[in-house]
Amino acid sequence: MLIKKVTPVYPTDAKYAHIQGTVRLRAVINKTGDVVDLEVMSGPIELVVSAVNAVRKWKYRPYLLMGEPVAVQTEIVVNYALSL
């Protein structure tokens with residue numbers, strides 16, 4: 001249902017420190033498809049801000065229940081991996 005995805009910027013400090021990992025976020029997507037509430041569930045602190053900033057800009061097709069748009073809660077996973 002994701003229609004606009006902004007790729008997170010890999011933090012420079014995290015790159016130099018060779019920090020990789022997964023940031024897990026709990027998100028509320030409102031009736032218009034905007035991410036309106038984000039809660040960090042887990043992940044390296046050095047990567048969290050980057051992930052949150054990117055995911056806040058994401059846009060979803062509204063979820064429908066009996067033909068009406070509804071707000072939903074979901075889990076979003078953002079992976080960070082350094083290229084070799």
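Here is a chat between a trainee and a mentor about a predicted model of one protein chain.

Trainee: Let's start with the big picture. In what pattern do the helices and strands follow each other along the sequence?

Mentor: Start by counting the pieces: the chain has two helices and seven strands. Now put them in order from the beginning of the sequence, and you get β-α-β-β-α-β-β-β-β.

Trainee: How much of the chain is buried?

Mentor: A residue counts as buried when its relative accessible area is under 20%. The chain has 84 residues, and the buried share of them is 30%.

Trainee: And what share of the exposed area comes from carbon and sulfur atoms?

Mentor: First take the total, which is about 5500 Å² for the chain. Of that area, carbon and sulfur atoms supply 54%.

Trainee: Okay, charges next. How many salt bridges does the structure hold?

Mentor: Here's the idea first: side chains of opposite charge can pair when their charged atoms come close. You can go through the pairs one at a time: Arg-24 meets Glu-75, Glu-39 meets Arg-26, and Lys-59 meets Asp-34. That gives a total of three.

Trainee: Which strands does the bridge between Arg-24 and Glu-75 tie together?

Mentor: The two side chains meet at 3.0 Å, N to O. Arg-24 sits within residues 21–29 and Glu-75 within residues 72–80, so the bridge ties together parts that are 51 residues apart in sequence. Those parts are strands E2 and E7.

Trainee: Is Arg-24 buried, partly exposed or exposed?

Mentor: Partly exposed is the class between the 20% and 50% cut-offs. Its partner Glu-75 has a relative accessible area of 41% and falls in that class. Arg-24 has 34% relative accessibility, so the answer for Arg-24 is partly exposed.

Trainee: How far apart in sequence are Glu-39 and Arg-26?

Mentor: In space, the closest N and O atoms of Glu-39 and Arg-26 are 3.4 Å apart. Along the chain, Glu-39 is in strand E3 (residues 35–42) and Arg-26 is in strand E2, so this pair links distant parts of the chain. The separation in sequence is 13 residues.

Trainee: Where is Asp-34, the partner of Lys-59?

Mentor: Lys-59 and Asp-34 have their closest N and O atoms 3.0 Å apart. Lys-59 lies in strand E4 (residues 59–60), and the two partners are 25 residues apart in sequence. Asp-34 itself lies in the loop between E2 and E3.

Trainee: Let's switch to rings. What kind of aromatic pair do Tyr-10 and Tyr-80 form?

Mentor: A search of the whole structure finds one aromatic pair. Its ring centres are 5.2 Å apart, with 85 degrees between the planes. Planes over 60 degrees apart get a particular name, so this pair is edge-to-face.

Trainee: How many residues apart in sequence are those two tyrosines?

Mentor: Both Tyr-10 and Tyr-80 are buried. Tyr-10 lies in the loop between strand E1 and helix H1, while Tyr-80 lies in strand E7, so the pair ties together parts of the chain separated by 70 residues.

Trainee: Which helices and strands do the buried residues of H2 pack against?

Mentor: Helix H2 covers residues 45–55, and its buried residues include Leu-47, Val-48 and Ala-51. If you follow the packing of the buried residues, you reach H1, E2, E3 and E7.

Trainee: Which residues does Ser-50 contact, leaving aside neighbours within four places in sequence?

Mentor: Ser-50 is in helix H2, and with 12% relative accessibility it counts as buried. With those sequence neighbours set aside, the contacts of Ser-50 are Pro-8, Val-9, Pro-11 and Tyr-80.

Trainee: One more backbone thing. What is the phi of His-18?

Mentor: His-18 is in the loop between H1 and E2, and it is exposed, with a relative accessible area of 62%. His-18 is not a glycine, yet its phi is positive, at about 55 degrees.

Trainee: And where is Met-66 found?

Mentor: Met-66 is another non-glycine residue with a positive phi, about 55 degrees. At 81% relative accessibility, Met-66 counts as exposed. You'll find Met-66 in the loop between strand E5 (63–65) and strand E6 (68–70).

Methods: Residues are numbered from 1 along each chain as its sequence is written. This is a predicted model: local features need pLDDT of at least 70, side-chain atom pairs count only at pLDDT 80 or more; totals for chains, interfaces and linings use all residues. Side-chain values use heavy atoms; hydrogens and water are left out. A salt bridge is a side-chain nitrogen of Lys or Arg within 4 Å of a carboxyl oxygen of Asp or Glu. Helices (H or I, at least four residues) and strands (E, at least two) are DSSP runs, numbered from the N terminus. Buried means under 20% relative accessible area, exposed over 50%, partly exposed in between (1.4 Å probe, protein chains only). Rings of Phe, Tyr and Trp (its six-membered ring) pair if their centres lie within 6.5 Å; planes under 30 degrees apart count as stacked, over 60 as edge-to-face and the rest as tilted. Accessible areas come from the Shrake-Rupley method with a 1.4 Å probe; for residues, only the protein chains shown count as cover. Contact means heavy atoms within 4.5 Å.
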